[in-house]
Amino acid sequence: MRDFHYNQPWYSESDEITSATIGEGIKNVGAYAFSVTDIKSASLPSTVTEIGDNAFANCIWFSSINIPHSLVKIGSDAFYDDFNLRSINLNKELKEIGKDAFSGNNSLALQLHSVKLSVMIFFPSRISVIN
């Protein structure tokens with residue numbers, strides 16, 4: 001799937017799209033592919049290896065996605081401000097999570113399955129003690 005920048009062919013109908021099923025054989029979900037749409041869920045095939053930058057960003061109703069075992073990269077801001085995304089299972093093949101991939105998702109719980117990642121955590125400046 002190619003990259004977009006708010007110029008998806010389906011953008012004029014973006015408020016009518018509630019789910020997406022990506023076909024078998026597709027290797028990546030392009031940048032901005034479903035950003036700023038009313039999508040609630042997405043189903044990815046076993047062939048997807050990458051979710052592009054901002055692919056599902058600012059989808060305030062987005063709450064469900066299956067992550068195939070083939071996924072190795074999640075791009076920057078891929079799920080930025082998806083307020084209703086509560087949990088996501090990440091597989092052991094995942095090698096890269098881009099900057100702010102899950103930023104703005106205050107209720108999100110990530111399930112890591114034997115994933116080895118270097119993670120940088122930023123704490124609010126008001127925190128003075130960590131036990």
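Trainee: What makes the approach between the backbone nitrogen of Leu94 and the side chain of Asn91 a polar contact?

Mentor: A polar contact is a pair of N or O atoms within 3.5 Å; within protein, one atom must be able to donate a hydrogen and the other to accept it, and residues adjacent in sequence count only if both atoms are side-chain atoms. The backbone nitrogen of Leu94 lies 2.8 Å from a polar atom of the Asn91 side chain, so the distance meets the 3.5 Å limit. The side chain of Asn91 also reaches the backbone oxygen of Pro68, at 2.6 Å.

Mentor: A word on the ground rules: this is a predicted model, where local features need pLDDT of at least 70 and side-chain atom pairs count only at pLDDT 80 or more, while totals for chains, interfaces and linings use all residues. Residues are numbered from 1 along each chain as its sequence is written, and side-chain values use heavy atoms, with hydrogens and water left out.

Trainee: Where is Asn91, and why is it called buried?

Mentor: Asn91 is in the loop between strand 7 (87-90) and strand 8 (96-97). Strands here are DSSP runs of E with at least two residues, numbered from the N terminus. Buried means under 20% relative accessible area, exposed over 50%, and partly exposed in between (1.4 Å probe, protein chains only). Asn91 has 5%, so it is buried.

Trainee: And Asn89, how is it classed?

Mentor: Asn89 sits in strand 7, and its relative accessible area is 46%, so it is partly exposed. The C-alpha atoms of Asn89 and Asn66 are 7.7 Å apart, although 23 residues separate the two along the chain.

Trainee: What makes Phe34 and Phe56 a stacked pair?

Mentor: Rings of Phe, Tyr and Trp (its six-membered ring) pair if their centres lie within 6.5 Å; planes under 30 degrees apart count as stacked, over 60 as edge-to-face and the rest as tilted. By this rule there are five aromatic pairs. For Phe34 and Phe56 the centres are 5.5 Å apart and the planes differ by 10°, so the pair is stacked. The two residues are 22 apart in the chain, with Phe34 in the loop between strand 2 (28-29) and strand 3 (41-43), and Phe56 in the loop between strand 4 (50-51) and strand 5 (64-65). Phe34 is buried at 6%, and Phe56 is buried at 0%.

Mentor: Phe79 and Phe102 are stacked too, with 5.5 Å between centres and 0° between planes. Phe79 is buried at 0% and Phe102 is buried at 13%. Phe34, Phe56, Phe62, Phe79 and Phe102 form one aromatic cluster.

Trainee: How do you know that Lys73 and Glu50 form a salt bridge?

Mentor: The term asks for a side-chain nitrogen of Lys or Arg within 4 Å of a carboxyl oxygen of Asp or Glu. The closest N and O atoms of Lys73 and Glu50 are 3.9 Å apart, so the pair qualifies. Lys73 is in strand 6 and Glu50 in strand 4, 23 residues apart. Both are partly exposed, Lys73 at 26% and Glu50 at 27%. The structure holds one salt bridge.

Trainee: What makes strand 6 and strand 8 a pair?

Mentor: Two strands pair if DSSP finds at least two bridges between them. Two bridges join strand 6 to strand 8, which run parallel, so they pair. Lys73 stands opposite Glu96 in strand 8. The open sheet has four strands in the order 2-4-6-8, with parallel pairing. Strand 2 and strand 8 stand at the edges, each with a single partner strand, so one side of each has no neighbour in the sheet.
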